[in-house]
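Visitor: I would like to know how the labels used for this model are earned. Could you take me through them one by one?

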Amino acid sequence: MSQSTDVMEKIVALCRRRGFIFGSSEIYGGIGGFWDYGPLGCELKRNIKEAWWSDMVRNPPIGPKGVEFQMVGVDCSIIMNPKVWEASGHVGGFSDPMRDCKECKLRYRSDYLIKIFLVQVDEIPKESTIHSALDKIAGKTAAVSLLVDAAPGTSAADHGPAIKRAMGARKVQIVTIPQSDMPPFSLIYWIIDGKNYFMPSQYVGTSMKDMLNCPNCGGELTDPRAFNLMFQTYVGALQEASNIAYLRPETAQGIFANFKNVMDSSRVKIPFGIAQMGKAFRNEINPRNYTFRSREFEQMEIEFFCKGDEFCKAGEVTPIEWWEFWRDVRINWYKSLGLKSEHLRPRNQTKEELAHYSKACTDIEYLFPFSDEPQELEGVAHRGTFDLTQHQTHSGKDMTYFDDETRERFTPTVIEPSAGADRFTLAVICEAYSYDESRASPEFMRFHPRLAPIKAAVFPLVAKDGLPEIAEPIYREIKKHFPAQYDAKQSIGKRYARMDEAGTPFCFTIDGQSKEDSTVTVRNRDDASQIRIDKSRCLEYLREQLRL
Ligand code: ATP
């Protein structure tokens, strides 16, 4: 077992044991891709959503060149008129190609199934050849350095992990065959490691489909079929085509559909943003990596409306500057809540990955322990005027904006920072997970104080001798202001351990000395250090330390 798999297993076990995350409907064997948050998890996720709403909507940052802008929120229905999803392109295009194993019935995203044939060669190909090869295979040139780093002195099959990294952790089967068995080919894939390898081009992409077998059991796979990711239901009594509706696969469309309502009712002026957080549903083919890819999840999305380039006067903030601004704001927000810079990576989507209407998109990625490659937490996209234009065309309603100062009418350009509340919650949990063998309770969660589900605990050392009488009023005072817990059971070591696992930053303990000099101990979660303070200062001390 690799070290990171081991860490992930420990995290999952702790989350279950301490009530952060449970499998949905576990008593009936669960259901793939659905998760429940327990008492600690739901507080953590609530703190995350509140931090986002507070920092992005109620008190948004100041824009480039000192431009202040308004942000407002909406909370739209999950089921909308299905025409919304025709306009957005989800009915026609929101699908993944999928293949089923005829034997074991496992289902795969066909673009994640790539069989690689490597053959050893003497000549090192040119840099440009490598790039075009990797573009073709993985759609990202970032793979080059990873491949170059592959360990020397190994056989082609040993490069599996490096290749998987390069392919973004996709399912890869690796087979080596002698060069003499190959038909004529062009060189398209290689690894430097003292030995050089190539991959014949006819084995890339669709031409490989006939050679693939199930990576699980070796069984035959069906041809790829488009699989729409939207959950379908019926509205009304009759289950007929005219009553088909969908659970929303993203919150963004509720914002676009209400663009006019918000403009007319809130007197917002461009540039401004509309935010929404709420549930979204996608019938993902392979839900995996714990809550990372779920079928029901929560999004935190902003649609930010600004002037397109052609309407910007000299010195005004351009759409690309707004896009850069939001990208930086969002990365810094993750850092401000405790994600380490070295675990975060902004990755610009390549031309091939960009949607046809999108001018630029950065994925903000986080290095989760379950993968060697950072994975998407949020996408910050420059979407041009695509969405509003689509809704104007499909609904026949005017989606333009009239600028009273310049007397110009135009369709606003949209910048979209689209984040996942569950993915960030998982990143926060992974980042917080700490293990220190020298501690009495080695596992502890180093949550940022703002996100910690419980901010303080109050313990009478023993549940007698007048100690509860001192502890209870302290607890009652603290819990008026911060989520707090009172615990008088078991040894003090066990109580600290429980709070360490919950990630509680401070524990106040009332002991024999408290009766003599009115002091209590405060224990700091991160270094387990203890100091004594006057019992009247507990709340004030917490406020200073948490700076909340
Ligand atoms: P991915 O490529 O990982 O499927 P995506 O690019 O389809 O994600 P978007 O449509 O841009 O994702 O959705 C915006 C955000 O919503 C993502 O950055 C992610 O945080 C969250 N999200 C999307 N799909 C899921 C999912 N299945 N489970 C949990 N969160 C998700």
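Guide: Gladly, and burial comes first: buried means under 20% relative accessible area, exposed means over 50%, and partly exposed lies in between, with a 1.4 Å probe and protein chains only. This is a predicted model, in which local features need pLDDT of at least 70, side-chain atom pairs count only at pLDDT 80 or more, and totals for chains, interfaces and linings use all residues. Residues are numbered from 1 along each chain as its sequence is written, and side-chain values use heavy atoms, with hydrogens and water left out.

Visitor: Why is lysine 269 called partly exposed?

Guide: Lysine 269 has 45% relative accessibility, and partly exposed is the class between under 20% and over 50%, so the label fits.

Visitor: What makes the contact of aspartate 404 with lysine 269 a salt bridge?

Guide: A salt bridge needs a side-chain nitrogen of Lys or Arg within 4 Å of a carboxyl oxygen of Asp or Glu. The side chains of aspartate 404 and lysine 269 meet at 3.3 Å, N to O, so the pair qualifies. Aspartate 404 sits in the loop between strand S17 (401-403) and strand S18 (408-410), while lysine 269 sits in the loop between H9 and S12, 135 residues apart. Helices (H or I, at least four residues) and strands (E, at least two) are DSSP runs, numbered from the N terminus. Aspartate 404, with a relative accessible area of 43%, is partly exposed as well.

Visitor: Which parts does the salt bridge of arginine 18 and glutamate 501 tie together?

Guide: Arginine 18 and glutamate 501 meet at 3.5 Å, N to O. Arginine 18 lies in the loop between helix H1 (3-17) and strand S1 (21-23) and glutamate 501 in helix H14, so the tie is between parts 483 residues apart in sequence.

Visitor: Why does glutamate 501 count as buried?

Guide: The relative accessibility of glutamate 501 is 15%, and buried means under 20%, so glutamate 501 belongs in that class. Aspartate 500, also in helix H14 (residues 492-502), is buried with a relative accessible area of 0%. Contact means heavy atoms within 4.5 Å, and aspartate 500 touches residues including Arg439, Arg523 and Arg525.

Visitor: How do you know that S14 and S15 pair?

Guide: Two strands pair if DSSP finds at least two bridges between them. Five bridges join S14 to S15, which run antiparallel, so the condition is met. Arginine 345, for instance, has glutamate 365 in S15 as its bridge partner. On the other side of the question, S15 and S16 are joined by seven bridges, also antiparallel. These strands belong to an open sheet of seven, in the order S3-S12-S13-S19-S16-S15-S14, with mixed pairing.

Visitor: What makes strand S14 (344-348) an edge strand?

Guide: Strand S14 pairs on one side only, and strand S3 (70-73) is the other edge.

Visitor: How do you know that S15 is mostly covered?

Guide: Seven of the seven residues of S15 are buried. Ala360, Thr362, Ile364 and Tyr366 point one way, and Cys361, Asp363 and Glu365 the other. In general, side chains of a regular strand alternate between the two faces of the sheet.

Visitor: Which residues are joined into one network by salt bridges that share partners?

Guide: The network holds Arg345, Arg347, Asp363, Glu365 and Glu373.

Methods. Lists of a residue's contacts leave out its neighbours within four places in sequence.
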